[in-house]
Each structure stands twice: as structure tokens, then as C-alpha cells.
Amino acid sequence: MRLLMLSLGLLAGCTSLVPSTVAQLDGFSPVTADPADIALALQLPEGVGLAPAGATLFLGAERNDTGEETGLTIRLAQRSDAELGEVFEIAPDDRASFRAEQARIAAWQAEAPEAVQGTLSLGVAPCRIGAGPARSARASADIRFAQGAPFRPLLRDAPLSRIADQGDVAEWPDCATDA
């Protein structure tokens, strides 16, 4: 199975990616990973927040030989961490459905490995704090591959303008009232 992983790092460009962590991603399989192990931490600039339950994870696949598609979108549990920023994980209540989707995709892969194309993507819904971020705002992200393991830097000091459309910041919901 070929897996397309859409991450903040891909959108930010190569200069902000941490090569050693990207190398670890090469061996990461969302189809076999324990959903309890997967976590992402975002360090957001001043003026940017995240809407409650505003982070989602999508796992899906398409079979080119039959045209079948499968996919699951779940809202990620969010917690604040003084050191890591906003941390997103698959909630315990959602892990069974995530594992079921993994099993479905793994079965397709076993039947027709060359015909299956998978996708794992993260979506976040920003909200504006005050006037919003400065045009020069920057963000960072860390990822964890195993429970209890340290978070590894994935994206360092990336211009926010490369990972989020800042053109309509005034249209972002206000974190205090709209989110």
C-alpha cells in the first residue's frame, strides 16, 4: 500500500522540517500503529488558538482495482501542556473505531497491495485571539510515535503563512466568543 501522509511539515516546506524525525516517519505505518501511541503537539504563535474539538484525524484508503473507498474522520482529544503546547491524541473512546478502520485497510492491502492507496491527514480549525497573529508569526510541531516516549520535533519555527492561510484572519472565529 502506498500511503500519502499530509502533515503540517509538508505544507511548511523542507527548511522547517527536522530530518531525523522525518526519517522516523518513513518507518511509521498508520495501518499498524497503536492509536494510543499517536500524538501531535503544536506550539502556536501569539494571536492563534484552536477551536474546541477543532482537530480531526482522517484515515482512509481507496482500492484502484474495485473503486471501493473507506475512511474515518475522528475528532482528536486536546489538552494543554505547559512545555509542549496543545497536544492532540486519539481519545480512548475512538480507538476501537480507528482500529477497525486500520483492519479494513490492512485486509485490502493483503488482498491487493498494489491497488490500495491510503491517506492519513490532520485538520485543525484555528481561532483568533485578539487581532490574530502577526504576519511574521511562526509555529512548531512535535510528534510522538509511542506512549511514554518523548515527543520528537517535526516542524521547527515554520512561518505560519506557509501552513495556514492568513489572508482572512479577520474571518477566523474569535476564540473567546465564537469558538
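**Figure 1. Strand β2 with a partner on either hand.** In strand β8, Arg144 is the bridge partner of Ala39. That pair belongs to a run of five bridges joining β2 (residues 39-43) and β8 (residues 138-144) in the antiparallel sense. Keep in mind as you look that this is a predicted model. Strand β2 also pairs with β6 (residues 85-89), again antiparallel, this time over four bridges. To find your way along that pairing, look for Ala41, which stands opposite Val87 of β6. As for cover, β2 is mostly tucked away, with four of its five residues buried.

**Figure 2. Helix α3, end to end.** Here's a check you can follow yourself. Helix α3 has 17 residues (residues 95-111), and at 1.5 Å a residue they should span 24 Å. The expected span takes 1.5 Å times one less than the number of residues. In the model, the C-alpha atoms at the two ends of α3 are 24 Å apart, which agrees. This helix is also where the predictor is most at ease: α3 has the highest confidence in the protein chain, at 96.

**Figure 3. The two sides of α3.** Which residues of α3 are buried? They are Arg95, Phe98, Glu101, Gln102, Ile105 and Trp108. Seen down the axis of α3, these buried residues fall within an arc of 145°, so they line one face of the helix. Turned away from that buried side is a face carrying Ala96, Ala110 and Glu111, which are exposed.

**Figure 4. Leu72 and the company it keeps.** Leu72 sits in strand β4 (residues 69-75). Is Leu72 buried or exposed? Its relative accessibility is 19%, so Leu72 counts as buried, the cut-off for buried being under 20%. Setting aside neighbours within four places in sequence, Leu72 is in contact with Leu57, Phe58 and Leu59, and also with Ser97, Phe98 and Glu101. Take Phe98: Leu72 and Phe98 are 26 residues apart in sequence, but their C-alpha atoms are 7.3 Å apart in space.

**Figure 5. A disulfide between Cys127 and Cys175.** A disulfide is a covalent bond between the sulfur atoms of two cysteines. The model has one disulfide. Cys127 and Cys175 form it, with their sulfur atoms 1.9 Å apart. What does this pair tie together? Cys127 lies in strand β7 (residues 116-128) and Cys175 in the segment after α4 (160-163), so the pair ties together parts that are 48 residues apart in sequence. The link between Cys127 and Cys175 is right-handed, with 100° about the S-S bond. The two ends have different surroundings: Cys127 is buried at 0% relative accessibility, whereas Cys175 is partly exposed at 24%.

**Figure 6. Stepping back to the whole chain.** The protein chain has four helices and nine strands. From the N terminus on, they run β-α-α-β-β-β-β-β-α-β-β-β-α. Of the chain's 179 residues, 45% count as buried. Among contacts between residues at least 6 apart in sequence, 74% join residues at least 24 apart.

**Figure 7. Where to trust the picture less.** The chain's mean pLDDT is 84, and 87% of its residues reach 70 or more. Where is confidence lowest? That would be strand β1 (residues 2-6), at a mean of 37. Over residues 1-14, pLDDT stays under 50, and for this stretch the model has 38 contacts beyond four places in sequence.

Technical notes. Residues numbered from 1 in each chain as written. Predicted model: local features only at pLDDT ≥ 70, side-chain atom pairs only at ≥ 80, totals over all residues. Heavy atoms only, no water. Disulfide = S-S within 2.5 Å. Buried < 20%, exposed > 50% of the residue type's maximum accessible area, 1.4 Å probe, protein only. Arc of directions from axis to C-beta. pLDDT = per-residue confidence, 0-100. Contact = heavy atoms within 4.5 Å. Pairing = 2+ DSSP bridges.
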